[in-house]
Amino acid sequence: MGDTPLLEVTDLVRHFPFREVQGLRMVKANVRAVDGVGFTVSQGQTLGLVGESGCGKSTTARLVTRLDTPTSGRIVFEGRDITFLKESRLREIRRDIQMIFQDPYSSLNPRHTIGSILTTPLKVHGLHKGREKQRVKELLELVGLNPEHINRYPSEFSGGQRQRIGIARALAVEPKLIIADEPVSALDVSIQAQVMNLLAKLRDDFGLAFIFVAHDLGVVRHFCDQVAVMYLGKIVEYGDRHGIYERAEHPYTQALLSAAPDINVARGIAPKERIRLVGDVPSPIDPPSGCRFRTRCWKAQEICATQEPPLIASTNDQQSTGGRERGVHLQACHFPEVKTDILAEVETPA
Amino acid sequence: MSAAIADQLPDATQGEAHHSGDVVLDVKDLSIAFPTEEGVVRAVSNLTYQARLGRTLAIVGESGSGKSVSSMAVLGLHNMKRTRITGSIKLDGEELVGAPQSTFQRIRSRQVAMVFQDPQSSLHPFYKIGDQIAEAYRTHHRVSRAVGRARAVEMLDRVGIPNPKRRAKQYPHEFSGGMRQRAMIALGLVNNPKLLIADEPTTALDVTVQAQILDLINDLRKEFGSGVVLITHDLAVVAETADDIVVMYAGRLVEKGDAKEVLAHPAHPYTYGLLQSLPSPTEEQEELKAIKGAPPSLLALPPGCSFHPRCTFKDLVGERCWTEVPEWRAAPGLANRQIRCHLEDPVGAIAADEEANRG
């Protein structure tokens, strides 16, 4: 590396204030959706944000695209601070940062034709003047749709095709960074793979950087170079794909990985030892003191309630990385430990 | 709970004994169609399967494959003025196709209960959780309010809701998603039904909570001895929870057999394609092996095999694939497996394809 990263996020915070009646008093409180999140994304790199609902992964994605404004923190894109960029100047970054949404039904205007949906970003940014229609046809071809369908409406397309339109719209302005918020979770299994392949191809062809928000751990593993695991508004573990999936150190990451059902059970491979978390994620209005995961953690001790574990470089390094160079691996736990027994790689029988 | 009330409560595991292995739901040649302005939507065609007590049957398919529509017919949830149902659905020997509403009112909850995908919209927001469960119990049992309430608390306790007495007095919005789904399951099991139909019960839940709910359904099935029909699109969930599997495509059955065997060695090109398209949990792949194309419209099913436009094996058979609907037959060379495919040697063809992919 050495050169400046494409995107640098430091200590990002987003609190949603609200008022609540408590007894006879009106009390001000905050939903602490994102509470001190930091990461970097380099050109052509893919960062996966995983976690359960309410962990702040979607809010983080919206903050980076500046669809929402952070409470505090810093977002630097190509060396330029865009954290509190004025609304009137947001258009400048929108050309470089685009978003793909989860729901291909509600994210396309049903009264606009595909042509008009895809021409709008070109007109807004004054691109391909005079040959917009030509460009739209190229875009449709790029995402695997028939360019002759330019005059059709979204309702005439299936879910997978609509998601392709959403992808074409994001690509229209030739962005450098795409934020994809659960881009395949609303699609059928057989269609998911098609869209994932399309995204991977576009990433490689155009050198796009991605922030990929998803709850499906298999999909993230397939697509992402770096993975950040979030819990209650914070990153609890960060590392490259191998580090997270094979050598996770944070108990929450281990629980998340072991909770995912495994198709290999059908192939006669004994199911992984399950870590069963008790209860639900606590409310982000009043997160637990110290480590936020301690209320569901089987390792929790006194220090976990009093001291918040910082996100620091892992100390369990250099153990059998299979000859791979070990990248940055950060974790936030007082008692980190690689539990290879539950994350042991399962072998596919020949 | 007072002793007098406790005496009146039957032990949930008692009641009519459930004999493990008995057929509880026998669906034969079921077809469901919805006439619309644009034509007839053939949601389900010639569906045949059986669910047994003490076992979990997974119905797998993509959206529009007919998996939910067929289960709704078991509970009589279709508007009969707009639905054409033919064939036979026998629940514990009783014919349900063409049965009057009174029959369904009698069997719902008592014989068969359903857990829906979205617990938020399937519980009544204005009534307390405990009252909703008590109501379901008292509809089928002539007991006092107090007994009904005690039964509700007992059920909440059974599904692992902490502090059930206090929770029974709360409203659905005061429950988290996972807790709400537990309450739905309590509601479903309150009358000790012989069959529990769970329609995507964990799709709306987070993965750590999903694991809890699947464990719960499994434990309760063992304890109560009911049959479970699990409708899902998630093959990994099937691998871990189901005994038997039926795979549906465009309203038709395409494969049926033992769940683990089908997932390990699929014999129908669609099942094989679905499994191939999943990202491998162990190997890193450059590209996912997607099934090309999209499922057909139920208004205009392709002639012959509905899957042929997307099938990569059709060249091995040829014309029959697009002229003739394959018959439902035993898969050659496999015990306890049925498929709907023209391939002469589906197992061999799929093995050859796997080999080619590896090489």
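How many helices and strands does the secondary structure of chain A come to? The answer is 11 helices and 12 strands. Here a helix is a DSSP run of H or I with at least four residues, a strand is a run of E with at least two, and both are numbered from the N terminus.

Before going on, please note that this is a predicted model, in which local features need pLDDT of at least 70 and side-chain atom pairs count only at pLDDT 80 or more, while totals for chains, interfaces and linings use all residues. Residues are numbered from 1 along each chain as its sequence is written, and chains are lettered from A in the order in which they are written.

**Chain A as a whole**

The C-alpha trace of chain A spans about 65 × 65 × 45 Å along its principal axes. Chain A has a radius of gyration of 22 Å, which agrees with the value near 20 Å for a compact globule of 350 residues. That radius is taken over C-alpha atoms, and the globule rule is 2.2 Å times the number of residues to the power 0.38.

**Two helices that cross**

Now look at helix 3 (residues 114-124) and helix 5 (residues 159-171) of chain A, whose axes come within 8 Å and cross at roughly 25°. Axes are lines fitted to C-alpha atoms over the stretch in contact, and angles run from 0 to 180 degrees between N-to-C directions. Helix 3 of chain A is therefore roughly parallel to helix 5 of chain A, a label for angles under 35 degrees. I114(A), I117(A), L118(A) and P121(A) of helix 3 meet I165(A), A168(A) and R169(A) of helix 5. Residues are in contact if their C-beta atoms, placed from the backbone, lie within 7 Å.

**Where chains A and B touch**

Between the chains, 38 residues of chain A are in contact with 33 residues of chain B. Helix 6 (189-206), helix 7 (217-223) and helix 9 (251-259) of chain A each supply at least two residues of the chain A side. Helix 6 of chain A gives the most, with eight residues.

**Residue classes compared**

Ala, Val, Leu, Ile, Met, Phe, Trp, Tyr, Cys and Pro count as nonpolar, Asp, Glu, Lys and Arg as charged, and the others, Gly among them, as polar.

| Contact | Nonpolar | Polar | Charged |
|---|---|---|---|
| Side of chain A that touches chain B | 17 residues | 12 residues | nine residues |
| Helix 3 of chain A with helix 5 of chain A | six residues | no residues | one residue |

Technical notes. Two residues are in contact if their C-beta atoms, placed from the backbone, lie within 7 Å. Angles under 35 degrees count as roughly parallel, over 145 as roughly antiparallel, 65 to 115 as roughly perpendicular and the rest as oblique.
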